[in-house]
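Visitor: I would like to go through this model one question at a time. Please give the reasoning before each answer.

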Amino acid sequence: MAMTVFRTLAEWRMIKPASGSLGVVPTMGALHAGHISLVERALNENKYVVATVYVNPTQFNNASDLAAYPQTFDDDCAMLEQAGCQFVFAPTYETLYPDQYRYRISETEISRVLEGEYRPGHFDGMLTVVLKLLNVIGADVAYFGEKDFQQLLLVREMLHAFQHPTRIAACPTVREADGLAMSSRNRRLNPAQRALATEWSRTLANLSLSCQEARDRLERLGFRVDYIEERWGRRLGAVHTPQVASGVEIRLIDNVALPR
Ligand code: AMP
């Protein structure tokens with residue numbers, strides 16, 4: 001079956017399969033093997049899969065981060081088609097935000113710490129767009145990565161809070177050979193920063209260090225550390241790479257499971 005790209009709810013109503021289980025994989029594009037692992041799992045567990053590709057402006061708390069976010073739609077579609085994905089939802093702002101973002105979802109506990117503390121408004125934008133996307137698609141299961149662990153928790157509890165019929169499935173983090181978690185932002189690392197990024201993932205995963213020792217080590221290497229903390233059975237961290245070799249600072253996040 002050839003892959004179909006659609007941009008509106010009206011189009012989806014015409015082409016949505018009448019029967020057979022449906023999985024959805026929300027993404028912001030700039031796809032890599034981590035995203036494709038979600039699509040593959042969704043295809044294993046469902047007859048049909050919709051990937052959504054939308055760089056959601058309301059979850060960027062920083063205009064330059066939004067402007068620099070990589071957009072590679074044609075390559076994304078090629079990767080999705082190759083993986084066997086049948087549908088791609090690539091909406092416009094007008095389709096998703098007829099209200100110009102007057103209405104929004106706000107969570108008052110989990111969203112206030114870690115990423116929420118360093119990226120004010122980020123989780124309101126993320127939860128709002130995820131709810132809209134899931135409402136439009138009407139899938140049985142939505143696939144989210146553990147790479148963004150706080151996001152996964154927030155989406156899971158939002159779906160529960162709103163009696164949403166879509167179930168959520170959590171998928172493990174896919175890593176590069178040296179352990180760096182795959183991320184669309186990794187494309188923006190220059191070679192010197194990419195080499196340092198290996199130390200970032202190794203240090204975070206080294207649970208023989210305390211959180212403070214991990215932070216000290218990263219700072220000695222030149223990283224600016226937002227947080228290294230343990231919550232929800234994970235060690236989670238966020239850092240900015242140094243601006244080595246005229247690169248700009250790139251923010252990286254990751255988390256690892258703590259032993260039970
Ligand atoms: P993004 O395009 O960054 O918004 O990510 C879309 C989805 O892919 C989210 O559920 C992410 O958690 C997931 N994801 C991103 N990177 C990875 C990775 N390295 N391994 C597994 N899932 C990932």
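Guide: A term first: a residue is called buried when its relative accessible area is under 20%. The model discussed here is predicted.

Visitor: Which residues of β8 point the one way, and which the other way?
Guide: Both sets are buried, whichever way they point from β8. On one side are R235, G237 and V239. The other way point R234, L236, A238 and H240.

Visitor: Why is β8 largely enclosed by the rest of the structure?
Guide: Strand β8 covers residues 234–240. Its enclosure follows from the burial count, because the buried residues number seven of the seven.

Visitor: What is the order of the strands in the open sheet?
Guide: Strand β7 (residues 224–231) is joined to β8 by seven bridges, and the two run antiparallel. Seven bridges also join β8 to β9 (residues 251–257), again antiparallel. The three strands thus form an open sheet with the order β7-β8-β9.

Visitor: Which strands of this sheet have one side left without a neighbour?
Guide: The sheet has three strands in the order β7-β8-β9. A strand at the edge has a single partner strand, so one side of that strand lacks a neighbour in the sheet. The strands at the edges are β7 and β9.

Visitor: What is the bridge partner of A238 in β9?
Guide: On the β7 side, V225 has V239 of β8 as its bridge partner, and R231 stands opposite R234. On the β9 side, the bridge partner of A238 is I253.

Visitor: Which residue in the hairpin of β7 and β8 takes a positive phi?
Guide: Two residues lie between the strands of this hairpin. The positive phi, near 55°, belongs to W232.

Visitor: At about what angle to β9 does helix α9 run?
Guide: Helix α9, residues 191–205, lies across β7, β8 and β9. Its angle to β9 is about 30°.

Visitor: Which element supplies the largest share of the shell around the ligand?
Guide: At least two shell residues each come from β2 (22–27), α2 (33–45) and β5 (141–145). The largest share is three residues, and the element that supplies them is α2.

Visitor: How much of the ligand's accessible area does the protein cover?
Guide: Among the 17 residues around the ligand, those that come nearest include D148 and V174. A polar side-chain atom of D148 lies 2.7 Å from a ligand oxygen atom, and a polar backbone atom of V174 is 2.8 Å from a ligand nitrogen atom. Of the 490 Å² of accessible area that the ligand has on its own, the protein covers 93%.

Notes:
Residues numbered from 1 in each chain as written. Predicted model: local features only at pLDDT ≥ 70, side-chain atom pairs only at ≥ 80, totals over all residues. Heavy atoms only, no water. Buried < 20%, exposed > 50% of the residue type's maximum accessible area, 1.4 Å probe, protein only. Helix = DSSP H or I, 4+ residues; strand = E, 2+ residues; numbered from the N terminus. Pairing = 2+ DSSP bridges. Contact = heavy atoms within 4.5 Å. Axes fitted to C-alpha atoms, helices over the stretch in contact; angles between N-to-C directions. Near = heavy atom within 4 Å. Polar contact = N/O pair within 3.5 Å; in protein donor to acceptor, adjacent residues only side chain to side chain. Areas by Shrake-Rupley, 256 points an atom, 1.4 Å probe, with all protein chains shown as cover.
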